[in-house]
Amino acid sequence: RGYHCWPSWRWLPAHWPGFTLHYRYGATPYQITVRRTAQNEQTIDLDGLRLEGDEVPLRDDDREHMVDIRLPLSLIGSPDPAMPPTQPSGNKESLE
């Protein structure tokens, strides 16, 4: 199979400390752990090697891979992606 990338993790809801995902790409299993840490920048390690950028390359090579993604606490995504944005409270004046 070809070579694909897993997308950025920047939309992790603000109230989530992290999660673990077991993902299969073709015949290849990936164990992906995403967590918030006190470090200042996002890091991604694939099988113990630091990656550049914010995507994980996926290869169907029939070998198990471990992905460790660490997000800084300052990188806050959506409060809850299932909820629509709220409107500011206050008086609404008619523009008639």
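A residue counts as buried when its relative accessible area is under 20%, as exposed when that area is over 50%, and as partly exposed in between. Keep that scale in mind, because at 30% relative accessibility Arg70 lands in the partly exposed group. We'll come back to Arg70 further down. Before that, let's get our bearings.

What you're looking at is a predicted model, so start with how confident the predictor is. The pLDDT averages 77 over the protein, and 66% of the residues score at least 70. Confidence varies from one element to another: strand β1 (residues 3-6) has the lowest mean pLDDT, at 65, while β5 has the highest, at 96. Then look at residues 83-96, where the pLDDT is below 50. Beyond near neighbours in sequence, that stretch makes 0 contacts in the model.

Now for the overall plan. If you go hunting for helices, you'll find 0 of them, but there are 7 strands. Walking along the sequence, you meet the pattern β-β-β-β-β-β-β. Of the contacts with a separation of 6 or more, 65% are between residues 24 or more positions apart. As for the outside, the accessible surface comes to about 7,100 Å², with 53% of it belonging to carbon and sulfur atoms. Of the 96 residues, 28% count as buried.

How do the strands line up? Five of them make an open sheet in the order β2-β3-β7-β4-β5, with mixed pairing. At the edges sit β2 (18-25) and β5 (49-50), each of which pairs on one side only.

Let's step across this sheet, starting at the β2 edge. β2 and β3 run antiparallel, paired over 8 bridges. One spot to find is His22, whose bridge partner in β3 is Gln31. These two strands also form a hairpin, with 2 residues between them. Gly26 is in the turn, and its phi is positive, at about 65°.

Next comes the pairing of β3 with β7, which is parallel and also spans 8 bridges. Here Val34 stands opposite Ile69 in β7. Move one strand further and the direction flips again: β4 (residues 43-46) and β7 (residues 65-72) pair in the antiparallel sense over 4 bridges. In that pairing, Asp45 has Asp68 of β7 as its bridge partner. Remember Asp68, too.

What fills the inside? The largest nonpolar core has 12 residues, including Val34 and Ile69, the pair you just met, along with Leu12, Tyr25, Ile44 and Leu58. Strands β3 (28-37), β4, β6 (56-59) and β7 each supply at least two residues of this core. It helps here to know that in a regular strand the side chains alternate between the two faces of the sheet.

Take Leu58 as an example of a core residue. Leu58 belongs to strand β6, and at 3% relative accessibility it counts as buried. Now look from Leu58 over to Gly26: the two are 32 residues apart along the chain, yet their C-alpha atoms are separated by 9.7 Å.

Time to switch from nonpolar side chains to charged ones. Side chains of opposite charge can pair when their charged atoms come close. How many salt bridges does the whole structure hold? A search finds 4.

One of them joins Arg35 and Asp68, whose closest N and O atoms are 3.0 Å apart. Since Arg35 lies in strand β3 and Asp68 in strand β7, this pair ties together parts that are 33 residues apart in sequence. Are its two members buried or exposed? Arg35, at 32% relative accessibility, counts as partly exposed, whereas Asp68, at 15%, counts as buried.

Here's where Arg70 returns. The side chains of Arg70 and Asp68 meet in another salt bridge, with 3.0 Å from N to O. Through their shared partners, the salt bridges join Arg35, Asp68 and Arg70 into one network.

A further salt bridge links Arg63 with Asp61, and there the closest N and O atoms are 3.9 Å apart. Asp61 is partly exposed, with a relative accessible area of 29%.

To finish, go back to Asp68 in the structure above. You can trace Asp68 to Asp45, its bridge partner, to Arg35 through one salt bridge, and to Arg70 through another.

Note on methods. Residues are numbered from 1 along each chain as its sequence is written. This is a predicted model: local features need pLDDT of at least 70, side-chain atom pairs count only at pLDDT 80 or more; totals for chains, interfaces and linings use all residues. Side-chain values use heavy atoms; hydrogens and water are left out. Two strands pair if DSSP finds at least two bridges between them. A nonpolar core is a set of buried Ala, Val, Leu, Ile, Met, Phe, Trp, Tyr and Cys residues joined through side-chain atoms within 4.5 Å. Buried means under 20% relative accessible area, exposed over 50%, partly exposed in between (1.4 Å probe, protein chains only). Contact means heavy atoms within 4.5 Å. Accessible areas come from the Shrake-Rupley method with a 1.4 Å probe; for residues, only the protein chains shown count as cover. pLDDT is the predictor's confidence in each residue, from 0 to 100.
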